[in-house]
Amino acid sequence: MLVSKSNDVFLNYLCQFIDVNEQSMEELIAKAKARFKILHLKKNEFFVNENEVCQHFCFVESGILQHSIEVLDEEKTTYLALKNSVTSSLSSFLFGKPSRKSIKAIADCKLWIVDLKTFKDLIENNKAFHQFYYNVIEKQICLIDDYRIDLLTLTPEERYKKLLATEPKLLQEVPLHYLASFLGISSRHMSRIRKNIN
């Protein structure tokens, strides 16, 4: 685990979620970005372990973070954070509770991280970061809602086809067994579905 300094992919990401017509907002988001640090995680290193308190909120500049839980000694993938996304074990991070999940790098990662004190200061005192956070959380809630409904209403084949249509890079970048777990499908069934569709 190695911490270092900056770059502009993150700034571009932040600017997608704010009204950049106001120059003052662009300046504020640049100031917000300057409060983050860079963390490099090697493949299989943990961002947070289950039952530990999550110390950071992060932007994934490169790599993939797998969110997982243990169910009857089997690892289940609950979410995959790809590059150009933000993530955390949010309730653990915000409220200092032990995390109910682990977050692990399944490829080498470059992450922009911020601790809780800095994060709260940005939310309260930086109008652009407040707007960014509101907009990104709103988007995430909609995505999670769709995902939960899909798990209950779509067949495994339909879930795979939807993923193929909406997130093709997931299929290129994420190993099959993580994707199968994320979609609630066994690896064997997933292989059959891929064979039938391709």
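**Exercise 1. Place Lys169 in the chain and determine whether its side chain is buried, partly exposed or exposed.**

Step 1. In this predicted model, Lys169 belongs to helix α7, which covers residues 168-173.

Step 2. The relative accessible area of Lys169 is 35%; since buried means under 20% and exposed means over 50%, Lys169 is to be classed as partly exposed.

Step 3. When neighbours within four places in sequence are left aside, the contacts of Lys169 are with Leu82 and Lys83. For Lys169 and Leu82, a separation of 87 residues in sequence goes together with a C-alpha to C-alpha distance of 9.0 Å.

**Exercise 2. Work out the strand order of the open sheet formed by 4 strands, and state which strands stand at its edges.**

Step 1. The order across the open sheet is β3-β8-β5-β6, and the pairing is antiparallel.

Step 2. Strands β3 (46-48) and β6 (74-81) each have a single partner strand, so one side of each is left without a neighbour in the sheet, and these two stand at the edges.

Step 3. On average, and with direction ignored, neighbouring strands of this sheet are turned by 35 degrees against each other.

Step 4. For the pair β5 and β6, which run antiparallel, 7 bridges make the connection, with β5 spanning residues 65-71; within this pairing, Leu65 stands opposite Ala81 in β6.

Step 5. Helix α8 (residues 176-183) packs on the sheet, where it touches β5, β6 and β8 (102-105), and the direction of this helix makes about 90 degrees with that of β6.

**Exercise 3. Describe the surroundings of Lys104, and find which residue meets its side chain in a salt bridge.**

Step 1. Lys104 is found in strand β8, and with a relative accessible area of 12% it is buried, because the cut-off for this class is under 20%.

Step 2. Apart from neighbours within four places in sequence, Lys104 is in contact with a set of residues that includes Asn44, Glu45, Phe46 and Phe47, as well as Ile64, Leu65 and Gln66. Glu75 and Tyr178 are also among the contacts of Lys104.

Step 3. From this set, Glu75 is the residue whose side chain meets that of Lys104 in a salt bridge, at 3.9 Å from N to O; this value can be accepted because the criterion asks for a distance within 4 Å.

Step 4. Glu75 lies in strand β6 whereas Lys104 lies in strand β8, so the pair ties together parts that are 29 residues apart in sequence. Glu75, at a relative accessible area of 33%, is partly exposed, while Lys104 is buried.

**Exercise 4. State how many salt bridges the model contains, and examine the pairs Lys76 with Glu74 and Asp150 with Lys162.**

Step 1. The count comes to 6 salt bridges.

Step 2. In the pair formed by Lys76 and Glu74, the closest N and O atoms are 3.7 Å apart. Lys76 counts as partly exposed at 33% relative accessibility, and Glu74 likewise counts as partly exposed, at 45%.

Step 3. The side chains of Asp150 and Lys162 meet in a salt bridge with an N to O distance of 2.7 Å. This pair links distant parts of the chain, with Asp150 in helix α5 (residues 127-153) and Lys162 in helix α6 (residues 156-166), 12 residues apart.

Step 4. Asp150 counts as buried at 15% relative accessibility, whereas Lys162 counts as partly exposed at 33%.

Key. Residues numbered from 1 in each chain as written. Predicted model: local features only at pLDDT ≥ 70, side-chain atom pairs only at ≥ 80, totals over all residues. Heavy atoms only, no water. Pairing = 2+ DSSP bridges. Axes fitted to C-alpha atoms, helices over the stretch in contact; angles between N-to-C directions. Contact = heavy atoms within 4.5 Å. Buried < 20%, exposed > 50% of the residue type's maximum accessible area, 1.4 Å probe, protein only.
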